[in-house]
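Could you walk me through this structure in my viewer, one selection at a time? I would like to know what to pick next and what is there.

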Protein chains: 2
Amino acid sequence: MPSEFEIIKIFFDRPVSQTILGVGDDAALIEIPSGHQLVISTDMLVAGRHFFPDTDPYKLGYKSLAVNLSDIAAMGAAPRWVTLALALPEANENWIRDFSKGFCDLAEQYKVDLIGGDTNRGPLNICVEIMGLVPAGKALRRDGAKAGDQIWVSGELGNAALALANLQQKIKLPDDESTALLKALYMPKPRVELGLKLREVAHSAIDISDGLVSDLAHILERSKLGARVYFDKIPRSSILNKYIGNEIVKTCLLGGGDDYELCFTAPLARSNDILSISKAMNLPLTCIGEIVQDKKLTVLDSVGNEMQMMQAGFDHFGG
Amino acid sequence: MPSEFEIIKIFFDRPVSQTILGVGDDAALIEIPSGHQLVISTDMLVAGRHFFPDTDPYKLGYKSLAVNLSDIAAMGAAPRWVTLALALPEANENWIRDFSKGFCDLAEQYKVDLIGGDTNRGPLNICVEIMGLVPAGKALRRDGAKAGDQIWVSGELGNAALALANLQQKIKLPDDESTALLKALYMPKPRVELGLKLREVAHSAIDISDGLVSDLAHILERSKLGARVYFDKIPRSSILNKYIGNEIVKTCLLGGGDDYELCFTAPLARSNDILSISKAMNLPLTCIGEIVQDKKLTVLDSVGNEMQMMQAGFDHFGG
């Protein structure tokens with residue numbers, strides 16, 4: 001069985017391109033270019049809680065980094081460095097190889113250096129910390145929303161949650177639909193490029209990891225404002241829309257995390273800029289509502305009635 | 001049961017003093033003063049592997065940060081920021097309160113801002129990432145040792161490992177001795193101040209987390225050199241020395257991690273400076289051997305015979 005040091009060396013000691021000292025010392029060393037601030041986020045993924053223990057390791061490696069890239073995207077920052085701490089129930093070399101490939105393939109795609117880590121024996125647990133750069137004062141924060149801002153989301157919501165509901169047999173989808181949706185669950189595309197473009201346009205941003213309602217509520221809380229969201233405007237796949245009468249599917253749309261799309265607010269005057277970004281990136285950006293003074297989050301149905309919000313938002317601890 | 005967000009707010013959302021944006025956004029934001037580099041290290045502590053699941057939560061919180069401060073100390077850097085990701089089997093408020101107090105008390109002592117985190121339900125797992133500052137080019141690295149350097153260690157070695165051996169009933173110590181040693185196991189003092197002072201004196205440094213032989217071997221490997229260590233010179237407590245005929249106790253001294261003392265190398269010409277640091281800090285600094293060209297680590301007994309090295313070094317995965 002390979003030792004910790006061998007595992008680190010074989011699978012995680014990759015060349016770095018923007019790092020003074022990477023894996024292999026007590027700590028890594030990096031330099032921040034002048035005029036920039038460092039953006040830092042950490043996410044822990046626990047087997048049985050955030051993913052099924054038998055999830056394909058390549059996809060799990062990919063997703064472990066993707067969800068962290070998503071946090072950097074939501075700050076309007078450029079990802080640069082990452083560390084990875086792993087607890088593994090056994091030193092299964094094939095598993096580790098595939099996991100590291102999923103992780104490192106995505107790291108390479110976004111030019112992120114893996115600069116440190118820790119491997120341990122224990123119940124499967126993946127803890128990633130990511131760092132990125134943003135010009136000083138330019139980060140997209142949750143507390144920047146203004147009354148009158150339009151609320152936008154990228155891509156389609158609810159696909160990942162619907163795929164999960166199908167896996168959990170809360171709903172029964174045909175195989176072709178389930179296969180199409182699983183990509184959203186296992187291989188979400190972090191919206192890094194979008195985050196960078198929004199820096200000059202948006203007032204506030206968050207990534208949708210816990211569900212639209214729950215994450216938008218964070219913007220509202222930090223900005224001390226409220227919002228009106230139009231349910232019918234929330235972008236969704238044609239598959240999801242087929243089942244929209246089902247309460248579970250509504251919950252997927254409003255409360256399903258794991259899509260890792262961005263939710264952001266911007267002044268009405270920038271809506272054309274946003275539509276231009278959407279066109280240039282070939283990525284749907286959809287206005288779903290507006291920020292209001294009244295500190296309340298209201299979701300309105302097609303005839304303007306207030307919808308009841310049930311269990312919306314994924315709490316990693318309670319719930 | 002408090003939710004994730006409530007837990008974060010109640011126990012971990014502390015005031016920050018050197019941070020642009022702390023807990024509560026997608027990511028934290030920090031600024032690095034010019035002329036400095038950022039030092040980053042991550043450590044994962046797994047219940048049943050690194051600590052007993054019933055360890056006093058205050059001590060566990062303390063130690064989770066202490067072992068990370070130790071990595072920063074070994075780089076000769078000043079700790080500044082930390083993030084904490086936790087998986088907890090249940091939301092036991094008392095446990096979390098005590099854990100956060102142990103963690104935050106030590107953070108305050110070293111003026112470290114807690115800037116981010118993640119709490120999840122899952123088998124107990126603590127993942128800490130620490131960041132510190134060092135003037136550009138001044139970090140103490142593992143690859144800087146030179147042939148002829150003296151090898152030094154701080155404090156006393158083996159106490160934590162002996163306390164653990166006693167807990168595991170591999171040896172039977174009287175209660176007063178066991179109590180004295182347990183402090184080394186549960187509340188190691190990170191050698192941050194020493195690390196800062198060594199920056200202008202030492203050629204290389206590492207913190208002893210896996211055991212003297214194993215950690216010194218990392219310096220040798222990275223510096224492409226060997227070492228001769230004199231067993232009798234390795235500093236030890238009077239308690240440990242009483243049992244030195246016991247093989248287990250020898251292993252504690254050579255292979256016991258968890259003391260988190262520093263091992264460093266420095267040219268002979270700086271030995272007086274090192275002794276002055278020792279005196280000023282009231283901290284034993286002991287020369288235990290020297291760096292040699294021949295790429296081999298030899299430990300010599302009191303009559304100059306080479307000692308056999310058994311199981312020295314703690315491998316978090318194999319072993």
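## A tour in selections

Start with chain A and switch on its surface: chain A exposes about 12,500 Å², and carbon and sulfur atoms supply 50% of that area. Keep in mind along the way that this is a predicted model.

**Chain A as a cartoon.** Swap the surface for a cartoon and you can count ten helices and eleven strands in chain A. Turn the view along the principal axes, where the C-alpha trace of chain A spans about 65 × 50 × 35 Å. How does the radius of gyration of chain A agree with that of a compact globule? A compact globule of 319 residues would have a value near 20 Å, and chain A has 20 Å, so the two agree.

**Inside chain A.** Colour chain A by accessibility next: 61% of its 319 residues count as buried. If you draw contacts between residues at least 6 apart in the sequence of chain A, 85% of these contacts join residues at least 24 apart.

**Charged side chains.** Now select the charges of chain A. You will find 32 positive and 41 negative side chains, with the centres of the two sets 5 Å apart.

**Both chains.** Bring chain B into view. In general, two copies of a chain are related by a rotation about an axis and a shift along it. Here, a turn of 180° with a shift of 0.0 Å along the axis lays chain B on chain A with an RMSD of 0.0 Å. That is the relation of a two-fold axis. Then select the interface: 100% of the interface residues of chain B are also interface residues in chain A, so the copies meet through the same surface.

**Two backbone stops.** Most residues other than glycine have a negative phi. Two selections are worth a visit with that in mind.

- Zoom to D258(A), in the loop between α9 (247-255) and β9 (262-266) of chain A. D258(A) is not a glycine, yet its phi is positive, at about 75°. Is D258(A) buried or exposed? Its relative accessible area is 16%, and a residue under 20% counts as buried, so D258(A) is buried.
- Move on to Q169(B), which you will find in the loop between α4 (159-167) and α5 (175-186) of chain B. Q169(B) also has a positive phi, about 60°, although it is not a glycine. With a relative accessible area of 71%, Q169(B) is exposed.

Definitions and conventions. Residues are numbered from 1 along each chain as its sequence is written. Chains are lettered from A and ligands numbered from 1 in the order in which they are written. This is a predicted model: local features need pLDDT of at least 70, side-chain atom pairs count only at pLDDT 80 or more; totals for chains, interfaces and linings use all residues. Side-chain values use heavy atoms; hydrogens and water are left out. Helices (H or I, at least four residues) and strands (E, at least two) are DSSP runs, numbered from the N terminus. The radius of gyration is taken over C-alpha atoms; the globule rule is 2.2 Å times the number of residues to the power 0.38. Buried means under 20% relative accessible area, exposed over 50%, partly exposed in between (1.4 Å probe, protein chains only). Contact means heavy atoms within 4.5 Å. Accessible areas come from the Shrake-Rupley method with a 1.4 Å probe; for residues, only the protein chains shown count as cover. Lys and Arg count as positive and Asp and Glu as negative; His and the chain ends are not counted. The place of a charge is taken as NZ of Lys, CZ of Arg, CG of Asp or CD of Glu. Copies are superposed by least squares on the C-alpha atoms of residues with pLDDT of at least 70 in both.
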